[in-house]
Each structure stands twice: as C-alpha cells, then as structure tokens.
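Trainee: Could you take a close look at one part of this protein with me, the helix that lies across a small group of strands, and then show me what surrounds it?

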Amino acid sequence: MLEADVAIVGAGAAGLSLAHRLAGSGSGRRAPSVTLLEAPPGPLRPPRRTWCFWEAGPGRFDAAVTASWRCLRVRDRAGRPIHGDIAPLRYKMIRSDDFEHLVARDLAGHDRVRRVEGTVDTVEDVPGGALVRLRDREGNPRVVGARWVFDSRPPGSLPAARTTLLQHFHGWFVRTARPAFAPGTAELMDFRTPQPADGLSFGYVLPLGRHDALVEYTEFSPRPLTPDAYEAAVRHYTDDVLRLGDLEVLSAETGVIPMTDAVMPRRTGQSVFRIGAAGGATRPSTGYTFAGLQRQTRAVAAALGEGRRPVPPPAHSARSRAMDAGPLYFHSGATLGQQGTRIAREMHDIIGHNLSV
Ligand SMILES: Cc1cc2nc3c(=O)[nH]c(=O)nc-3n(C[C@H](O)[C@H](O)[C@H](O)COP(=O)(O)OP(=O)(O)OC[C@H]3O[C@@H](n4cnc5c(N)ncnc54)[C@H](O)[C@@H]3O)c2cc1C
C-alpha cells in the first residue's frame with residue numbers, strides 16, 4: 001500500500017532540502033505527498049555543522065545564512081596572499097541548526113509533508129513503487145510505501161575508485177580579546193600550517209565580526225588525526241600563525257569528508273534513488289557538497305512537478321569531474337608540503353572561473 005508519493009530517507013541537508021522544495025512545488029500541479037523519515041536522536045544523527053557554498057544573488061535559504069563574503073583569499077606557504085573578488089557570487093555560511101529551524105518552520109504549514117521518526121533498515125522495489133522498512137524508538141517494525149524513494153543515508157562503504165582521500169578538519173568558533181579579523185574577506189586556504197609528511201594541510205578563517213570567526217585546521221590526507229592532535233593543530237594556527245592573542249573557544253566542529261573519483265550510483269532500483277553525499281553530490285577535489293545537493297534536489301522537484309521520472313542528475317558536470325580527477329590524484333601522491341603556491345593558484349582559478357563548486 002502506498003502511503004505517499006515520495007518518501008525521503010534522512011533529514012540532513014539533502015533530505016530537508018528536497019522536502020522543502022517539494023512542499024513549495026505546488027504551483028500548477030498539486031504538491032506531492034511526502035513522508036520524511038528521520039533517525040531518532042542518537043548516533044545516526046550527524047553532529048551540528050557549518051555549510052559554506054557559492055551562490056549568485058539571493059538564495060532560497062538566505063534567512064538561515066549567518067554571514068557571507070564577496071572577497072576570498074588564499075595564502076601560499078610564505079604567507080603571500082592572492083585575493084579574489086567573486087562578484088556576482090557570494091560565499092555564504094549556513095549553520096545546520098539554523099537550516100533545520102528554517103525548514104521546520106516552512107514545513108509546519110504544509111499538511112502534505114509528514115515527518116516520521118525511525119531507523120530505516122531497508123528500502124526495496126515493489127511493483128509500482130518501493131517499501132521502506134524501519135523501526136520506531138521502541139523497536140517496533142513499520143513499513144512505509146511510496147511511489148518514489150530518495151535515500152540520503154550515508155553508504156556503508158565507497159565504491160571502487162582510482163583515488164580516495166580524506167578531507168578532515170577541526171575548527172573553533174572563537175571570540176578574541178582584540179579586534180583580530182577583517183569581516184569582509186574569507187580566508188579559504190592558508191598554507192602556513194606545518195605540512196604533514198603524507199598529504200597537505202591548510203588553515204581556514206571565516207570572520208563573523210572583528211572579534212569573532214570560525215577558524216579551522218584542515219588536512220587532505222589518508223587518515224584522520226587524534227582529538228589531541230587536532231586541538232594542537234588549531235591551537236598552533238590561532239596562536240603561532242594568526243597570532244590572535246587571548247581568545248575564547250565558543251564551540252568546535254570536526255568533520256571527515258571522503259574525496260573520491262568513484263562514481264556513486266544515483267539509482268538503486270526502479271523507484272529508489274540516492275541523493276546528497278550518498279548520491280555523489282560531494283565535489284571530489286574540494287569536498288564541497290551543499291551546492292551540489294541543491295542542484296540535485298532542485299532537479300528532482302522539477303521532474304516530479306512535470307510528471308517525469310525523477311532520476312537525480314549528477315551534481316557535477318562530466319567536465320568538472322574530469323578536471324577534479326587530476327588534482328585529486330596529485331593531492332594524494334605528490335610531496336605536497338612544497339606545493340602550496342601551486343595549489344593556491346589552482347584554488348584561485350576555482351574561485352575565479354568555476355562557478356559549479
Ligand atoms: C563538519 C562538516 C562540515 C561540512 N562543511 C561543508 C561545507 O562548508 N560546504 C559543503 O558544501 N559541504 C560541507 N560538508 C559536506 C556535506 O555538505 C555534509 O556532509 C552534508 O551534511 C551532507 O548532507 P547529506 O544530507 O547528503 O548527508 P547527511 O547530512 O549525513 O544526512 C544523512 C541523514 O540520514 C540520516 N540517517 C542515517 N542513517 C539513517 C537510518 N538508518 N535511518 C534514518 N535516517 C538515517 C541521518 O540522521 C542524517 O539526517 C561538511 C561536512 C561535515 C562533516
């Protein structure tokens with residue numbers, strides 16, 4: 001029995017974005033009925049995070065944007081800056097809490113979107129649709145049937161790839177005693193950090209005011225660090241490289257994003273598709289995912305609105321993926337500690353010319 005036109009598995013960036021778009025797609029046709037299946041509080045829920053992405057002009061989720069920048073900077077190992085003015089684009093920051101509140105507020109008035117809490121175990125094709133099997137908080141089994149299912153659960157393992165690296169990072173939202181930041185410019189890559197033997201590292205500074213910023217230490221390398229090593233790396237960057245002086249750490253975030261040239265399947269059945277990071281929305285050479293999953297979910301909502309089969313398109317063009325395979329291979333194999341300037345220039349090219357990050 002089909003309970004909904006669409007079931008969305010997972011209420012992360014991709015699941016919430018798709019639900020938001022489908023709720024708002026009622027013009028002309030009737031909006032599809034949607035069941036959004038979200039994991040109960042616990043280990044399956046991703047920790048709070050910050051999403052940054054490029055966008056031209058006003059955007060769908062601007063009410064949740066914490067800050068945005070028109071000027072970007074990268075620095076080579078000697079600290080020499082390269083600036084980019086990315087107008088008409090802006091680099092925007094959204095915190096996941098604010099995004100969730102915005103989506104919850106907008107969905108509250110839509111009776112065609114139903115939110116159900118449960119741990120999804122399986123999704124299977126059946127004639128005319130698909131069945132999602134889940135367990136509620138008490139462990140009771142439940143089945144949801146839908147014409148189409150969009151699954152954003154992280155895949156258990158990655159498909160085979162020529163190159164797989166990890167982008168892993170740890171950052172602090174800091175408040176400094178002295179005015180230490182220039183709010184108009186985001187520092188995307190600062191290669192003055194000590195370079196690991198096997199990979200590359202850089203600092204990242206997103207100023208929110210003269211005294212406030214998100215400051216992160218990032219590595220592209222085969223393995224994450226220990227919690228102590230991350231803390232030491234961020235401390236070294238704030239104290240010895242940026243020389244911020246006295247500061248208070250308001251909160252912290254840690255992340256690991258696989259960077260791979262593997263092809264992620266976007267269709268796993270006649271009626272079952274993958275979206276978001278699980279559906280290949282992560283850009284291999286940078287780890288950026290948020291803009292890619294917006295392109296995917298926008299296309300899915302448009303296809304459903306027009307009565308077409310809603311296969312999520314690739315989040316990145318074939319040309320972008322081909323261009324990425326080179327830098328990714330290069331990041332994984334070369335003596336990166338000596339290559340800061342070259343990578344900074346590549347990044348500058350990305351900032352200046354490639355809008356589909
Ligand atoms: C700390 C961090 C910072 C990042 N910053 C950026 C950034 O600045 N810019 C950018 O573009 N990208 C960024 N990324 C990468 C990417 O945007 C995020 O990983 C993004 O959250 C991916 O969204 P998603 O919906 O595809 O996956 P997720 O957010 O992982 O969502 C998956 C959902 O599935 C649910 N789920 C899992 N298992 C089950 C189950 N069995 N049953 C029911 N539900 C389940 C989870 O609870 C979750 O809600 C960052 C990643 C991290 C980790």
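Mentor: Happy to! Helix α2, residues 96-108, lies across β3, β4 and β7, and its direction is at about 85 degrees to that of β7. Contact here means heavy atoms within 4.5 Å; axes are lines fitted to C-alpha atoms, for helices over the stretch in contact, with angles from 0 to 180 degrees between N-to-C directions. Helices (H or I, at least four residues) and strands (E, at least two) are DSSP runs numbered from the N terminus.

Before going on, please keep in mind that this is a predicted model, in which local features need pLDDT of at least 70 and side-chain atom pairs count only at pLDDT 80 or more, while totals for chains, interfaces and linings use all residues. Residues are numbered from 1 along each chain as its sequence is written, and side-chain values use heavy atoms, with hydrogens and water left out.

Now to the strands under discussion. They form an open sheet of three in the order β3-β7-β4, with antiparallel pairing; two strands pair if DSSP finds at least two bridges between them. β3 (50-56) and β4 (65-69) are at the edges with a single partner strand each, so one side of each has no neighbour in the sheet. From one strand to the next, the twist averages 25 degrees. Between β3 and β7 (residues 89-95) there are seven bridges, and threonine 50 has arginine 95 in β7 as its bridge partner.

β3 also helps to line a pocket. The second largest pocket has a volume of about 280 Å³, and β3 and α4 (290-305) are the elements that give two or more residues to its lining. α4 provides the largest share, five residues. Of the 16 lining residues, Trp54, Glu55, Ala291, Gln294 and Arg298 are the closest to the pocket's centre. On a 1 Å grid over the protein atoms alone, a pocket is an open set of points with protein on both sides within 12 Å along at least five of seven lines, and lining residues have an atom within 4 Å of a point. Grid points are joined across faces, edges and corners, and the volume is the space filled by probe spheres set on the points.

For comparison, there is another open sheet, with seven strands in the order β6-β5-β13-β14-β15-β12-β16 and mixed pairing. Its edge strands are β6 (81-85) and β16 (247-260), each pairing on one side only. Within this sheet, neighbouring strands are turned by 15 degrees against each other on average, direction ignored. β5 (residues 71-75) pairs with β13 in the parallel sense over five bridges, and arginine 73 stands opposite glutamate 187 in β13. This sheet has a helix across it too: α3 (residues 227-241) lies across β12 (164-176), β13, β14, β15 (212-221) and β16, at about 55 degrees to β12.

The loop between β13 (185-190) and β14 (200-207) holds proline 194. Leaving aside neighbours within four places in sequence, proline 194 contacts Ser201, Tyr217 and His236. The C-alpha atoms of proline 194 and histidine 236 are 9.2 Å apart, with their positions 42 residues apart along the chain.

Finally, the wider setting: the protein chain has six helices and 17 strands, and 50% of its 357 residues count as buried, meaning under 20% relative accessible area with a 1.4 Å probe, protein chains only.

Conventions: 1 Å grid on protein atoms, 1.4 Å probe; cavity = no way out; pocket = protein on both sides within 12 Å on 5 of 7 lines; lining within 4 Å.
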